[in-house]
Amino acid sequence: MSSPIQGFSKLDKEAKIDWIAERYTQDPEAAKALLKTYWNNDARLQQLHDEFIENTLTNYYLPLGIAPNFLIDDQLYAIPMAIEESSVVAAASKAAKFWGDRGGFTTEILGTEKIGQVHFMYKGSTAALQAYFDHIKPQLLSDCADLTQSMEKRGGGITDIVLVDKSGELENYYQLHATFETLDAMGANFINSCLEQFAKTFKAGAQHFDGFTEAEQQIEVVMSILSNYVPQCRVRASVSCPVDELTEGTINGQAFAEKFVQAVRIAEIEPYRAVTHNKGIMNGIDAVILATGNDFRAVEAGVHAYAAKTGRYTSLTHAKIEDGVFHFWIEIPLALGTVGGLTKLHPMVKLALEILQQPTAKALMGIVAVSGLAQNFAALRALVTTGIQQGHMKMHLFNILNQFDASSSEKEAISSQFQDKTVSHSAVVNALKALRE
């Protein structure tokens, strides 16, 4: 058993690699060689990547693909997607082509406000606390003037602060609940800086408020932090067309539309199905979030909380047939940025945003929502017609072949064999074995 190490973070990268390889791998030299294989040859670029996080050993690659032909609000996009799962980019591309021939995708920004909270404990009269908040609120705003000056010049800033009484759920618990407009920045650092200043002003001011007893003056700030749940920062993306344009092979448009709507309705009422349904949506969303240097974990948490906002976890997408027209849409919270963070540092992020024609945060919200809607359409289209495995496993075929170091000629031969056969791991392995024999 290895003993704990002191000062690991102070070791240089080579020493970190030596330590981890020699203590935690079966073949240390092979492990070291593998880690160094993924270093960038450009030392300056590698240093940039090393400094994104702590204790960096190497780079971890994900494929960056392009889903072309997305017609969004009458503008044509090629959408960068960073993801390891096969069939996602292909499915998005197929959906983009399908809807591009039917008027494309439409988006609408429903709000852009973000949330931050100061969580504190207070023992005393709620009326006295409300009076204190009304008294101190102007100072809360004025004490943040240095922090908000630049944001306000661009049209953003603090939009409101309210006092929230949560003592019925947790004894003595209250919040300062603040809303922010951060424009093209995701705004986490800006919001957290403002919140910490609120906390200082709020706590210090209580010490001198005449309306408090001595005990009431002792406000305890627990924490000050933004929320990744942003129901007021939402976007809607939608598609529609006459049902007769939905004909799928031998399935006429009306039958396809009805079956599609049923599939969505099942995800609306059945949480077990909704989770997988929404996971597929997030395949498309996360891939664009990653490619553009945004925080996919924050987006995931906020989106799934929104899916459960009624107390039941449900579908993020909805569909209906009305007057002979098929409608399919998604409405989700997305707090995104196109400035700050990795957007000015990571070369691939900068390129991805360039490919997207340097979108504003609002435009990126629409693009990301469309990616999720397209992914969901492609998945449901397959599920209600041919089944999900036909397309998915054909894309997975190359992953299986790569596991066995198949050559280009072997891949071509095996792919040809499975043009009209069901792909399974064992079937592919047996076919490859037979070919080699």
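The following dialogue discusses how to read sheets, aromatic pairs and cores in a predicted model.

Biologist: Where should reading begin, and how do the strands of a sheet pair in general?

Modeller: Strands of a sheet pair through backbone hydrogen bonds, in either a parallel or an antiparallel sense. In this predicted model, one open sheet has four strands in the order β5-β6-β4-β7, and its pairing is antiparallel. Its edge strands are β5 (157–165) and β7 (220–226), each of which pairs on one side only. From one strand to the next, the twist averages 15 degrees.

Biologist: Which helix packs on this sheet, and which strands does that helix touch?

Modeller: Helix α7 (residues 188–206) packs there and touches β4, β5, β6 and β7. The direction of α7 makes about 160 degrees with that of β7. One residue of this helix is Asn192, which counts as buried because its relative accessibility is 17%, under the 20% limit. Leaving aside residues up to four places away in sequence, Asn192 touches Ile225 and Leu226.

Biologist: How many bridges join β4 to β6?

Modeller: Eight bridges join strand β4 (residues 114–121) to strand β6 (residues 173–181), and the two run antiparallel. Within β6, Thr179 is the residue that stands opposite Ile115.

Biologist: What is the order of the strands in the other open sheet?

Modeller: That sheet of four strands has the order β3-β8-β10-β9, with antiparallel pairing. Strands β3 and β9 stand at its edges with a single partner strand each, so one side of each has no neighbour in the sheet. Here the twist averages 20 degrees from one strand to the next.

Biologist: How may one follow this sheet from strand to strand?

Modeller: One may take the pairs in turn. Strand β3 (residues 106–109) pairs with strand β8 (residues 234–242) over four bridges in the antiparallel sense, and Thr107 stands opposite Ala237 in β8. Nine bridges then join β8 to β10, again antiparallel; across this pair, Arg236 faces Glu331 in β10. Finally, β9 (residues 317–322) and β10 pair in the antiparallel sense over six bridges. There, Thr317 stands opposite Ile330, and Lys320 stands opposite His327.

Biologist: How many residues lie between the strands in the hairpin of β9 and β10?

Modeller: Two residues lie between them, and Asp323 in this hairpin takes a positive phi near 55 degrees.

Biologist: Where do side chains point along a regular strand, and which helices accompany this sheet?

Modeller: In a regular strand, the side chains alternate between the two faces of the sheet. As for helices, α8 (residues 253–269) packs on this sheet and touches β9 and β10, with its direction at about 145 degrees to that of β9. Helix α10 (residues 296–307) lies across β8 and β10 and runs at about 120 degrees to β10.

Biologist: How is an aromatic pair to be read?

Modeller: One reads the distance between ring centres together with the angle between the planes; over 60 degrees, the pair counts as edge-to-face. The structure holds 23 aromatic pairs. One of them joins Tyr122 and Tyr174, edge-to-face, at 5.7 Å centre to centre with 80 degrees between the planes. Tyr122 lies in the loop between β4 and α5 (126–142) and Tyr174 in strand β6, so far as sequence goes 52 residues apart. Both Tyr122 and Tyr174 are buried.

Biologist: Why does the pair of Phe328 and Phe377 count as tilted?

Modeller: Their ring planes stand at 50 degrees, with centres 6.3 Å apart, so the pair is tilted. Phe328 belongs to strand β10 (residues 325–333) and Phe377 to helix α12 (residues 361–383), so the pair ties together parts 49 residues apart in sequence. Phe328 counts as buried at 0% relative accessibility, and Phe377 is buried at 1%. Both belong to an aromatic cluster that also holds Phe98, Trp99, Phe256, Phe260 and Phe326.

Biologist: Which residues of the largest nonpolar core touch the most other members?

Modeller: Among its 63 residues, these are Phe70 and Phe326. Helix α12 gives the largest share of this core, 11 residues. The residues that Phe326 touches, beyond four places away in sequence, include Trp99, Val239, Phe260, Ala319 and Phe377. A second, separate core of 30 residues includes Tyr122, Ala128, Ala178 and Phe198.

Biologist: Where do charged ends sit over rings?

Modeller: The charged end of Lys13 sits over the ring of Trp39, 4.1 Å from its centre. That of Arg297 sits over the ring of Phe296, 4.7 Å from the ring centre.

Note on methods: Residues are numbered from 1 along each chain as its sequence is written. This is a predicted model: local features need pLDDT of at least 70, side-chain atom pairs count only at pLDDT 80 or more; totals for chains, interfaces and linings use all residues. Side-chain values use heavy atoms; hydrogens and water are left out. Two strands pair if DSSP finds at least two bridges between them. Axes are lines fitted to C-alpha atoms, for helices over the stretch in contact, and angles run from 0 to 180 degrees between N-to-C directions. Contact means heavy atoms within 4.5 Å. Rings of Phe, Tyr and Trp (its six-membered ring) pair if their centres lie within 6.5 Å; planes under 30 degrees apart count as stacked, over 60 as edge-to-face and the rest as tilted. Buried means under 20% relative accessible area, exposed over 50%, partly exposed in between (1.4 Å probe, protein chains only). A charge sits over a ring if NZ of Lys or CZ of Arg is within 6 Å of the ring centre and within 35 degrees of the ring normal. A nonpolar core is a set of buried Ala, Val, Leu, Ile, Met, Phe, Trp, Tyr and Cys residues joined through side-chain atoms within 4.5 Å.
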